[in-house]
Amino acid sequence: MKIQINNLGIINHGSVNLNRDLTVFCGSNGTGKTYMSYLIYALVSDNLSPVQSLSLADMESLMDNGFVDIPIPTENALKYRDKTIEILKLRLNEIFGISKKDAEKLFKDFEMSFLSSDKEYLDIIYKLVLTINVRFKTNSFKVEKKRNKMVFRLRRDKRQVITLETMQALQLTVSSLIYQRFLTHAINQAHIFVVERSSIFTFNKELSISRAALVDKLQNVFDDGSNKNKISRILQSNSTRYPLAIRHNLRFASDLTQIKKDECDYSLFADEIETQLLNGNHVDVDSEGNVYIQVNKNLTLPIHMAASVAKTLASLILTLRHKAHQGDLLIIDEPELNLHPAAQILFARIMAKMINKGLRLLISTHSDYIIREINNMIMWGSLKNDELSTREELGYNKDEILNKKQVGVYVFEFDNILKNHVAINEIPVDDNGFEIESIDNSIRLLNESGENAYAMKLSQQNKQ
């Protein structure tokens with residue numbers, strides 16, 4: 001999926017290709033990297049545009065035969081893509097957590113487009129292979145699309161009893177779910193780890209308490225029922241006080257008792273993060289949905305009493321253990337947050353392992369340690385097989401190397417002419433990796449300053 005963006009807040013223009021396994025955003029503070037991450041998250045995770053419902057005949061075939069084949073009309077695929085942009089533009093206030101009035105002012109000239117022709121897009125769909133497991137409450141379904149087919153097959157488990165409510169939800173949403181996968185080139189779903197993640201579990205409890213208190217007060221004030229409909233609308237409305245990404249993080253924290261029941265294929269990475277970065281401390285959830293840290297068999301700490309690194313990594317650990325599936329996109333804002341340089345290097349290695357196991361990553365980073373380690377893994381990946389023994393002697397396993405073609409790097413830079421505008425520029429990735437000029441210059445200036453200060457100190461000592 002390649003997208004073109006114009007006038008997204010401070011971002012004047014730029015394009016991003018999300019087809020790579022690792023996408024890296026770099027740039028100075030205040031250049032719109034988080035804006036772009038929030039937009040991509042909304043595009044991938046929360047934009048179902050209904051363009052095709054299943055017919056009653058389709059539903060009868062599903063119930064009678066256990067499966068149904070659904071054609072994919074080309075006009076519906078193209079309509080979904082266009083409708084997605086329309087909906088995204090209408091929902092910018094929800095995505096960024098501001099009022100509609102402020103959104104209209106801040107994003108009045110916002111434009112977005114997909115950088116592929118109708119023919120290219122339909123060809124991608126035609127060649128795409130998909131297998132998606134869909135759950136509605138207690139019911140499970142499987143969606144399959146084979147290569148070179150414009151048909152998808154929906155299957156159900158004949159052993160399960162399907163409620164009318166589930167059937168209605170399936171009828172209305174399953175096609176949109178498939179078209180969403182077409183649009184994002186088979187990205188399954190997105191998980192975002194916002195920079196506020198270290199406090200998300202604590203904030204969630206406080207927000208839940210505040211909301212419960214508000215409900216009680218409203219019920220007491222209006223217990224005569226005269227404002228019942230108004231109160232109902234207020235309580236049921238979706239708040240836009242926080243950006244969509246943060247609201248989804250809070251929802252994740254609220255649903256942990258249910259989420260904990262699920263297991264996924266990436267729990268080994270949760271274990272590795274705990275071993276390598278948390279000194280073996282274990283992140284878990286109790287029966288009431290509270291996150292805690294198991295330091296040892298005799299010591300358990302609530303999450304707000306844990307080290308900052310544990311708070312920062314807890315949501316990622318729980319996602320890898322219970323939510324992540326092959327083809328998912330993990331968006332991590334500042335993966336270096338609260339990590340010692342040595343831990344940043346280890347985390348870069350773990351990210352490479354996740355990529356090589358079928359996850360996609362988008363990171364926004366200022367860390368020279370993470371960038372250098374990504375470059376190291378790209379360089380090791382460019383070597384010939386006869387160098388493998390040396391690589392392994394230096395501690396790099398085969399799942400800790402990257403191919404340059406897996407990586408896309410974008411620098412958010414202030415425009416030389418339009419000083420208050422930012423351009424997103426893709427920079428080349430070769431066998432040696434990539435260079436972030438602004439970070440390299442900062443390190444060079446720091447080194448020069450240290451060398452000059454040391455030279456002056458030696459000069460003074462010599463004079464004495």
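**Exercise 1. Locate Asp415 and describe its surroundings.**

Task: In this predicted model, find which loop holds Asp415, decide whether Asp415 is buried or exposed, and list its contacts beyond the neighbours within four places in sequence.

Solution:
- Step 1. Asp415 belongs to the loop that joins strand 15 (407-414) to strand 16 (422-427).
- Step 2. The relative accessible area of Asp415 is 18%. Buried means under 20%, so Asp415 is buried.
- Step 3. With neighbours within four places in sequence set aside, Asp415 is in contact with His13, His421 and Val422.

**Exercise 2. Classify an aromatic pair.**

Task: State how many aromatic pairs there are, then classify the pair of Tyr266 and Phe269.

Solution:
- Step 1. The count is 10 aromatic pairs.
- Step 2. For Tyr266 and Phe269, the centres are 6.1 Å apart and the planes make an angle of 20°.
- Step 3. Ring centres must lie within 6.5 Å to pair, and planes under 30 degrees apart count as stacked. The pair of Tyr266 and Phe269 is therefore stacked.
- Step 4. Tyr266 is buried at 4% relative accessible area, and Phe269 is buried at 3%.

**Exercise 3. Name a cluster and two charges over rings.**

Task: Which residues form one aromatic cluster with Tyr35, and which rings have Arg155 and Arg349 over them?

Solution:
- Step 1. Tyr35 forms one aromatic cluster with Tyr38, Phe96 and Phe107.
- Step 2. Arg155 lies over the face of Phe67, 5.9 Å from the ring centre.
- Step 3. Arg349 has its charged end over the ring of Tyr396, at 3.8 Å from the centre.

Conventions: Residues are numbered from 1 along each chain as its sequence is written. This is a predicted model: local features need pLDDT of at least 70, side-chain atom pairs count only at pLDDT 80 or more; totals for chains, interfaces and linings use all residues. Side-chain values use heavy atoms; hydrogens and water are left out. Rings of Phe, Tyr and Trp (its six-membered ring) pair if their centres lie within 6.5 Å; planes under 30 degrees apart count as stacked, over 60 as edge-to-face and the rest as tilted. Buried means under 20% relative accessible area, exposed over 50%, partly exposed in between (1.4 Å probe, protein chains only). A charge sits over a ring if NZ of Lys or CZ of Arg is within 6 Å of the ring centre and within 35 degrees of the ring normal. Helices (H or I, at least four residues) and strands (E, at least two) are DSSP runs, numbered from the N terminus. Contact means heavy atoms within 4.5 Å.
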